[in-house]
Amino acid sequence: MIVKIEEIDGKYVATLEGEMDTTAATKAEEVLRPLYHSDGKDVLIDCTKLDYIASSGLRILLSILKGAKANGSKVTL
C-alpha cells in the first residue's frame, strides 16, 4: 500500500495505490490524518490505483470527509 499527500494548486491531493486491507489501513490512517483538519483547503483523494479497500479503509475516508467538511473544505474521491 502506497499513500502520498501533496499540495497542488492550493488543495491537498492524496493518492492511494494497492490494497487497503485492515493492516494497511492502520498505516494509511497515520499518513492521511492531516487531511482530517484540512484548514479550509479542498481535498482530492485519488483512488484510481486502489485495488481493494476494507471497511476500515472506508471508515478512514468517511472520517476525512467529516473532518474536512467541518473545516469548510470540499472532499472529492
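This is a short tour of the structure above, stop by stop.

**Before you click.** You're looking at a predicted model, where local features need pLDDT of at least 70, side-chain atom pairs count only at pLDDT 80 or more, and totals for chains, interfaces and linings use all residues. Residues are numbered from 1 along each chain as its sequence is written, and side-chain values use heavy atoms, with hydrogens and water left out.

**Whole chain, cartoon view.** Colour by secondary structure and you should find 2 helices and 4 strands. Going along the sequence, the order is β-β-α-β-α-β. Here helices (H or I, at least four residues) and strands (E, at least two) are DSSP runs, numbered from the N terminus.

Switch to the C-alpha trace: along its principal axes, the span is about 30 × 20 × 15 Å. The radius of gyration is 11 Å, in agreement with the value near 11 Å for a compact globule of 77 residues. That radius is taken over C-alpha atoms, and the globule rule is 2.2 Å times the number of residues to the power 0.38.

How is the chain wired? Of the contacts between residues at least 6 apart in sequence, 70% join residues at least 24 apart; contact means heavy atoms within 4.5 Å.

**Surface on.** The accessible surface is about 4600 Å², and carbon and sulfur atoms hold 51% of that. Areas come from the Shrake-Rupley method with a 1.4 Å probe, and for residues only the protein chains shown count as cover. As for burial, 36% of the 77 residues count as buried, where buried means under 20% relative accessible area, exposed over 50%, and partly exposed in between (1.4 Å probe, protein chains only).

**Select Lys41 and Glu7.** How many salt bridges does a search of the whole structure find? There are 2, a salt bridge being a side-chain nitrogen of Lys or Arg within 4 Å of a carboxyl oxygen of Asp or Glu. One of them joins Lys41 to Glu7, with the closest N and O atoms 2.6 Å apart. Lys41 sits in the loop between α1 (22-32) and β3 (43-53), and Glu7 in strand β1 (residues 2-8), so the pair ties together parts 34 residues apart in sequence. Lys41 is partly exposed, at 25% relative accessibility.

**Select Arg59 and Glu29.** This is another salt bridge, with its closest N and O atoms 3.6 Å apart. Arg59 belongs to helix α2 (residues 55-70) and Glu29 to helix α1, so this pair links parts that are 30 residues apart in sequence. Is each end buried or exposed? Arg59 is partly exposed, with 43% relative accessible area, while Glu29 counts as buried at 15%.

**Select Thr22 and Ser56.** Stay with the helices: Thr22 is in α1 and Ser56 is in α2. Leaving out residues up to four places away in sequence, Thr22 touches Ala54 and Ser56. Seen from the other side, with the same kind of neighbours set aside, Ser56 touches Asp21, Thr22 and Ala25. Thr22 is exposed at 52% relative accessibility, whereas Ser56 is buried at 17%. Now draw a C-alpha to C-alpha distance from Thr22 to Val75: you should get 23 Å, for residues 53 apart in sequence.

**Last stop, Thr15.** Look in strand β2 (residues 11-20) for this one. Which residues does Thr15 contact, beyond its neighbours within four places in sequence? Ile2, Val3, Lys4 and Asp46. Thr15 is buried, with a relative accessible area of 12%.
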